[in-house]
Amino acid sequence: MSTTDRRTLIAEAAVDLIATAGLRALTHRALDTALDLPAGSTSYYFRTRRALLDAVADHLTERSRADFLATAAPRDLTAETVARDVADRLDRMLTTRRHHLIARQALLVDPLPEPDLRARLARSLFSPERATDLFRALGCDEPAPLAADFLAVLEGAVLTELSAAPEDRPARLRRLLSAYLRGAIAP
């Protein structure tokens, strides 16, 4: 296994450990055990706890960007098509990357991570630049504030949906996002 693959495997195991056992459970020893590696293996790749946390933040960001690039944008940009597209992406994320979302949330609310790590995590799921480009493409005169508000709506939706029943989730997300987008781009 290559060094890059081993680092990715450790980062994903760290995400799973945080999501299932909490942030305090994240230790080099716990990761070695979870991955059935010899003692000290994880610390060879990530010397400190901070290095592990940085690896988690990088892993979450890289995975989010890859997921985003793998999905096609709607052909016609309207409030309804964008709401449907983004709601479907959020639903997939909440279904297939639940541990990522839980681990990210744990890191965001923990009082210990440094402010720079928290800032990186805040940008790990959604891109302010891409959101601004979206509102520009929708014809908004001042897209940046609308994009920032939209990202806040998305963050709130993710947090709410982590604790909600998955039934009817796509419909709930579409209603929420459609209502915001219609109001944001109304003439």
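This report walks through the overall build of one protein chain and then looks at some of its salt bridges and buried residues.

**The chain as a whole**

Welcome to the structure, which is a predicted model. A good place to begin is the secondary structure: the protein chain has 10 helices and zero strands. Following the sequence from start to end gives the pattern α-α-α-α-α-α-α-α-α-α. The C-alpha trace spans about 60 × 35 × 35 Å along its principal axes.

How much of the chain is buried? Of its 187 residues, 41% count as buried. The accessible surface comes to about 10000 Å², and carbon and sulfur atoms account for 56% of that area. Contacts also tell us how the chain meets itself: among those between residues at least 6 apart in sequence, 66% join residues at least 24 apart.

Charges are worth a look too. The protein chain carries 26 positive and 26 negative side chains, and the centres of the two sets lie 2 Å apart.

**Salt bridges between helix α5 and helix α10**

How many salt bridges does a search of the whole structure find? The search finds 14. Three of them are set out here, with the N to O distance for each pair.

| Arg | Acidic partner | Distance (N to O) |
|---|---|---|
| Arg182 | Glu80 | 3.0 Å |
| Arg174 | Asp88 | 2.6 Å |
| Arg169 | Asp91 | 2.7 Å |

Let us take the pairs in turn, beginning with the salt bridge between Arg182 and Glu80. This pair links distant parts of the chain, with Arg182 in helix α10 (residues 169-185) and Glu80 in helix α5 (residues 79-96), 102 residues apart. Arg182 counts as partly exposed because its relative accessibility is 45%. Glu80 is partly exposed as well, with a relative accessible area of 41%.

Next come Arg174 and Asp88, whose side chains meet in a salt bridge. Here too distant parts of the chain are linked: Arg174 sits in helix α10 and Asp88 in helix α5, 86 residues apart. Arg174 has 32% relative accessibility, so Arg174 counts as partly exposed. For Asp88 the relative accessible area is 24%, which makes Asp88 partly exposed.

The remaining pair in the table is Arg169 with Asp91. Arg169 lies in helix α10 and Asp91 in helix α5, so this salt bridge ties together parts that are 78 residues apart in sequence. Are these two residues buried or exposed? Both Arg169 and Asp91 are buried. In the case of Asp91, the relative accessibility is 18%, and because buried means under 20%, Asp91 falls in that class. Leaving aside residues up to four places away in sequence, Asp91 touches Arg169, Pro170 and Leu173.

**A salt-bridge network**

Salt bridges can also join up into a group. Which residues are linked in such a network? They are Arg50, Asp54, Asp58, Asp116 and Arg120.

**A buried histidine**

Our last stop is His100, which lies in helix α6 (residues 98-109). Why does His100 count as buried? The reason is its relative accessibility of 3%, as buried means under 20%. Which residues does His100 touch, not counting those up to four places away in sequence? Its contacts are Glu12, Val15, His59, Leu60 and Arg63.

How values were computed: Residues numbered from 1 in each chain as written. Predicted model: local features only at pLDDT ≥ 70, side-chain atom pairs only at ≥ 80, totals over all residues. Heavy atoms only, no water. Salt bridge = Lys/Arg side-chain N within 4 Å of Asp/Glu carboxyl O. Helix = DSSP H or I, 4+ residues; strand = E, 2+ residues; numbered from the N terminus. Buried < 20%, exposed > 50% of the residue type's maximum accessible area, 1.4 Å probe, protein only. Contact = heavy atoms within 4.5 Å. Areas by Shrake-Rupley, 256 points an atom, 1.4 Å probe, with all protein chains shown as cover. Lys, Arg positive; Asp, Glu negative; His and termini not counted. Charge placed at Lys NZ, Arg CZ, Asp CG, Glu CD.
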